[in-house]
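Reader: Hello! I am new to this structure, and I would like to know what stands behind the terms people use for it. Could you take me through them?

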Amino acid sequence: MAKAPYNTTRAIVPSEEIAKDSESSKAEDKSTMMGSEISGDEENPEDQELAPIIDIQIIARLGAIAACLVRNKKMGFIELFEKERSRQCLEVLMRTCERTFDSNGSYGSLDGKEDILLTSSRPPVIDESAIDLKTKTTRYMSGQHQSLVYIRMLLQVLKLEESVFRETLQRQGGVSSQEYLEAYQKAMEASTDFIIKKVFKAILNESGQNKLLVSLDFLGTLQTLIPQFLEVAPDVDGNGGEGGDKKHFRDRMGSIKRDGDARRKKTPSLREKILQFRLKICELCGLALAEYEQSIRKHGRIKRKKMPQAVHVVTVETINFLFRSLYSYKSTLESRDIERVSEISDARHNFPAITITGSLILWLLDSLELTLKELATKQIQNASLGWVFILNNLQLLDKRMRDASRLLSMDIHPADVKKRFGEKIKEALHSYTNASWTKAVEAMSMENWPLIQSHCHPIQIQGKKKMEADSWAKKAIKHKWKEFNHHFAKQYERQKTWLIPDSQLRARLRNANIDSLLPKYRDFYQKYQQVKFTRNAGKHMKLQPEVLVKMLGEFFEEANR
């Protein structure tokens with residue numbers, strides 16, 4: 001079927017107009033039968049702009065159908081009625097989907113209380129706040145997916161058809177409530193299956209984080225509308241929902257007990273289909289969540305030619321996803337149905353928190369940490385740089401978690417929020433200083449100082465007591481200073497060019513270097529100041545302790561000016 005462009009504003013016929021349309025249809029020829037078509041004025045091209053989404057002709061045919069039922073009072077007409085309505089509803093839905101989604105557009109409410117507006121003439125407006133400036137990607141925003149209209153469209157069709165069957169029931173008194181109930185459910189079976197398939201296809205066509213957000217968006221929409229669905233989707237016992245003008249329909253249907261019929265047991269009722277539909281979307285949310293978690297982990301297994309020294313894109317994307325996107329679906333995530341999904345129940349068990357949302361945040365953050373460590377160890381050869389990379393990312397995570405501490409206080413225990421990354425940063429700082437200065441500290445080791453002393457004899461220089469080393473001691477001392485100078489110079493030349501965007505982290509790293517190196521160096525310097533092991537001591541003892549502190553303060557300076 002060819003798709004015609006529709007730059008239109010269209011409206012669904014509200015259910016309140018059904019009775020008026022059905023009364024006007026009584027004037028139709030009494031000989032009109034089930035398969036006949038109701039003719040209308042030839043449609044002008046301009047009239048296409050007002051073409052209704054749910055075709056009014058399927059409502060107008062009610063009068064003729066009801067008249068046939070009244071005259072004949074035969075059960076066969078109920079089956080014909082059900083088949084005809086099923087065919088018409090499915091055709092209308094298929095045609096509507098074609099019209100509505102042949103181009104991008106916006107849509108309004110489909111709650112049955114207001115007309116639906118679908119404007120296809122304008123491109124979708126992208127909220128600038130949804131664009132991540134660092135990753136240049138557009139985040140999915142709640143309500144943005146056009147296919148959300150499918151769920152509301154199904155509800156509208158169910159409401160319209162419930163009214164059709166209620167009108168028919170009022171006109172025909174010789175048919176049992178059970179037969180009408182079964183006919184109503186059969187008539188809506190094909191339409192319900194059609195829309196459910198459309199929704200699943202729309203979700204499965206997404207990928208990455210958008211798949212999860214779209215799944216949650218569909219689930220949230222369905223959860224909001226479930227009470228209305230249950231009002232117009234009676235179960236096999238004939239019980240609908242509570243409230244309003246549906247009570248008359250429910251009372252006339254009566255309370256029909258299960259008769260143990262095998263045929264009905266095999267086919268779920270309309271109500272069961274709707275509830276199973278919700279459970280299936282919950283399962284899709286769990287699968288999409290697992291896929292997203294794996295996409296985070298996948299970053300650690302992809303080899304890249306150049307690794308960043310600062311914050312990795314996976315950290316930025318994950319933070320934005322957790323606090324700007326996922327958290328906005330908290331009400332949907334806290335539902336009882338989604339808690340039963342295996343992926344989410346596992347997260348609740350492995351990462352205890354106050355709420356489901358808190359457990360999911362802790363789970364995804366844990367996966368991010370594992371990914372960062374994997375990236376640092378496997379793709380960064382320099383161990384010190386690897387820890388700087390981890391510290392840059394942990395610092396950003398710690399800052400964002402602290403900024404969001406008030407927001408997360410109802411989801412994660414406050415102590416966990418404050419301590420989670422603070423302790424990890426301390427551990428990473430310790431690992432960084434060890435990786436940076438292990439060899440330099442080994443060169444300053446005083447373990448063989450007694451042996452060196454034994455190869456020295458006391459002397460006086462300008463009235464001061466000193467020691468003079470023999471040839472073996474001179475060689476050993478010069479080797480120590482050579483090793484220290486080499487390792488310090490190498491770290492200095494490297495680390496002054498490393499990028500650390502956060503000023504607080506830069507200060508902590510510099511202080512950690514001073515605390516790790518200065519006490520040992522001062523003792524080392526003072527010891528060998530008392531030993532004459534060369535004519536030109538400045539050639540070997542190049543840095544006074546004060547100069548060493550000054551140079552350590554220049555680490556990370558060039559790249560962060």
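Author: Gladly, starting with disulfides: a search of the whole structure finds zero of them, where a disulfide is a pair of cysteine sulfur atoms within 2.5 Å. Please keep in mind that this is a predicted model, in which local features need pLDDT of at least 70 and side-chain atom pairs count only at pLDDT 80 or more, while totals for chains, interfaces and linings use all residues. Residues are numbered from 1 along each chain as its sequence is written, and side-chain values use heavy atoms, leaving out hydrogens and water.

Reader: How do you know that Cys282 has no bond to Cys285?

Author: The closest cysteine sulfur to that of Cys282 is in Cys285, and at 6.1 Å it is too far for a bond.

Reader: Why is Cys282 called buried?

Author: Buried means under 20% relative accessible area, exposed means over 50%, and partly exposed lies in between (1.4 Å probe, protein chains only). Cys282 has 1%, so it is buried. Cys89, at 3%, counts as buried too.

Reader: What makes β3 and β4 a pair of strands?

Author: Strands pair if DSSP finds at least two bridges between them. Six bridges join β3 (residues 456–461) to β4 (residues 464–469), and the two run antiparallel. For example, Ile459 has Lys466 in β4 as its bridge partner. The hairpin has two residues between its strands, and Gln462 there takes a positive phi near 55°. Strands are DSSP runs of E with at least two residues, helices are runs of H or I with at least four, and both are numbered from the N terminus. The protein has 22 helices and five strands.

Reader: How many aromatic pairs are there, and what makes two rings a pair?

Author: Rings of Phe, Tyr and Trp (its six-membered ring) pair if their centres lie within 6.5 Å; planes under 30 degrees apart count as stacked, over 60 as edge-to-face and the rest as tilted. By this rule there are 17 aromatic pairs. Trp481 and Phe524 are one of them, with 4.4 Å from centre to centre and 35° between the planes, a tilted pair. Trp481 sits in helix α20 (residues 471–495) and Phe524 in helix α21 (residues 503–529), so the pair ties together parts 43 residues apart in sequence.

Reader: Are these two rings buried or exposed?

Author: Trp481 counts as buried at 0% relative accessibility, and Phe524 is buried at 0% as well.

Reader: Why is the pair of Phe484 and Phe524 called stacked, edge-to-face or tilted?

Author: Their centres are 6.4 Å apart and their planes are at 50°, so this pair is tilted. Phe484 belongs to helix α20 and Phe524 to helix α21, 40 residues apart. One aromatic cluster takes in residues including Trp481, Phe484, Phe524 and Tyr525.

Reader: How do you know that the length of helix α11 agrees with what it should span?

Author: The expected span is 1.5 Å times one less than the number of residues. For the 13 residues of α11 (residues 313–325) that gives 18 Å, and the end C-alpha atoms are 17 Å apart, which agrees.

Reader: What makes α11 largely enclosed?

Author: Of its 13 residues, 10 are buried, so the rest of the structure largely encloses α11. Among them are Val314, Ile319 and Phe323. Their cover includes α7 (208–232) and α10 (270–298).

Key:
Contact = heavy atoms within 4.5 Å.
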